[in-house]
Amino acid sequence: MSLYFFRISHGKYSGAPDQPYEFENRDAAWTELTAVCSNLVGGISRCLKPNSDWQMELLDEAKKPVFRIRLVGESLA
């Protein structure tokens, strides 16, 4: 079992992870990351401004990124 942390970033805000979660392996950690994001993305997307982004990262025990999911609002004109 390995310890992982979640970190959410939105614009200049980045939450500092301090609560570890234990997962059997990277696949289990990825599954949990996608489940958590699916619960949050609807609310986040309704509040997302043009030219901004939101992201959630899964960090390893050393707090180095392992996976990242991003939601980006871009103005193309």
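Visitor: Why is Phe6 called buried?

Guide: Phe6 has a relative accessible area of 16%. Buried means under 20%, so Phe6 earns the word. Bear in mind that this is a predicted model.

Visitor: And what makes Tyr21 partly exposed?

Guide: Tyr21 has a relative accessible area of 37%. Partly exposed covers what falls between buried, under 20%, and exposed, over 50%. The value for Tyr21 falls in that range, so the label is partly exposed.

Visitor: How many aromatic pairs are there?

Guide: The count comes to 4 aromatic pairs. One of them is formed by Phe6 and Tyr21.

Visitor: What makes Phe6 and Tyr21 an aromatic pair, and why is the pair called edge-to-face?

Guide: Two numbers settle this. The ring centres are 5.2 Å apart, and the cut-off for a pair is 6.5 Å, so the two rings count as a pair. Their planes stand at 65 degrees; an angle over 60 degrees is edge-to-face, so that is the name the pair gets.

Visitor: How do you know that this pair links distant parts of the chain?

Guide: Look at where the two partners sit. Phe6 is in strand E1 and Tyr21 is in strand E3, residues 21-23, with their positions 15 residues apart in the count along the chain. Ring pairs also gather Tyr4, Phe6, Tyr21 and Phe23 into a cluster.

Visitor: Which residues make up the largest nonpolar core?

Guide: It has 10 residues: Tyr4, Phe6, Phe23, Ala29, Leu33, Cys37, Trp54, Met56, Leu58 and Phe67. Strand E1 (2-10), helix H1 (26-47) and strand E4 (52-59) each give two or more residues to this core. In soluble globular proteins, nonpolar side chains tend to be buried together.

Visitor: How do you know that Met56 is buried?

Guide: Its relative accessible area is 3%. That is under 20%, so Met56 counts as buried. Met56 lies in strand E4. Leaving aside neighbours within four places in sequence, Met56 is in contact with Phe6, Arg7, Ile8, Leu33, Val36, Cys37, Leu40, Phe67, Arg68 and Ile69.

Visitor: What does Leu58 touch?

Guide: Not counting residues up to four places away in sequence, Leu58 touches Tyr4, Phe5, Phe6, Ala29, Leu33, Lys64, Pro65, Val66 and Phe67.

Visitor: Why is the contact between Glu57 and Arg7 called a salt bridge?

Guide: The closest N and O atoms of this pair are 2.7 Å apart. A salt bridge needs a side-chain nitrogen of Lys or Arg within 4 Å of a carboxyl oxygen of Asp or Glu, so the pair passes. Glu57 lies in strand E4 and Arg7 in strand E1, so the bridge ties together parts that are 50 residues apart in sequence.

Visitor: Is Glu57 buried or exposed?

Guide: Glu57 has a relative accessible area of 3%. The limit for buried is under 20%, so Glu57 is buried.

Visitor: What makes Arg70 and Asp53 a salt bridge?

Guide: Their side chains meet at 3.2 Å, N to O. The limit is 4 Å, so this pair counts as well. Arg70 is in strand E5 (residues 65-73) and Asp53 in strand E4, so the bridge ties parts that are 17 residues apart in sequence. Asp53 is partly exposed, at 23% relative accessibility.

Visitor: With which residue does Arg68 meet in a salt bridge?

Guide: Arg68 meets Glu57, at 2.7 Å from N to O. Glu57 sits in strand E4 and Arg68 in strand E5, 11 residues apart. Shared partners join Arg7, Glu57 and Arg68 into one network of salt bridges. By the rule used here, the count comes to 3 salt bridges.

Visitor: How do you know that the charged end of Lys63 sits over the ring of Phe5?

Guide: The charged end of Lys63 is 4.7 Å from the centre of that ring. The distance limit is 6 Å, so the distance fits.

Visitor: How many helices and strands are in the protein, and in what order do the elements run?

Guide: There are 1 helix and 5 strands. From the N terminus on, the order is β-β-β-α-β-β. Of the 77 residues in the protein, 26% are buried.

Conventions. Residues are numbered from 1 along each chain as its sequence is written. This is a predicted model: local features need pLDDT of at least 70, side-chain atom pairs count only at pLDDT 80 or more; totals for chains, interfaces and linings use all residues. Side-chain values use heavy atoms; hydrogens and water are left out. A nonpolar core is a set of buried Ala, Val, Leu, Ile, Met, Phe, Trp, Tyr and Cys residues joined through side-chain atoms within 4.5 Å. Buried means under 20% relative accessible area, exposed over 50%, partly exposed in between (1.4 Å probe, protein chains only). Helices (H or I, at least four residues) and strands (E, at least two) are DSSP runs, numbered from the N terminus. Contact means heavy atoms within 4.5 Å. Rings of Phe, Tyr and Trp (its six-membered ring) pair if their centres lie within 6.5 Å; planes under 30 degrees apart count as stacked, over 60 as edge-to-face and the rest as tilted. A charge sits over a ring if NZ of Lys or CZ of Arg is within 6 Å of the ring centre and within 35 degrees of the ring normal.
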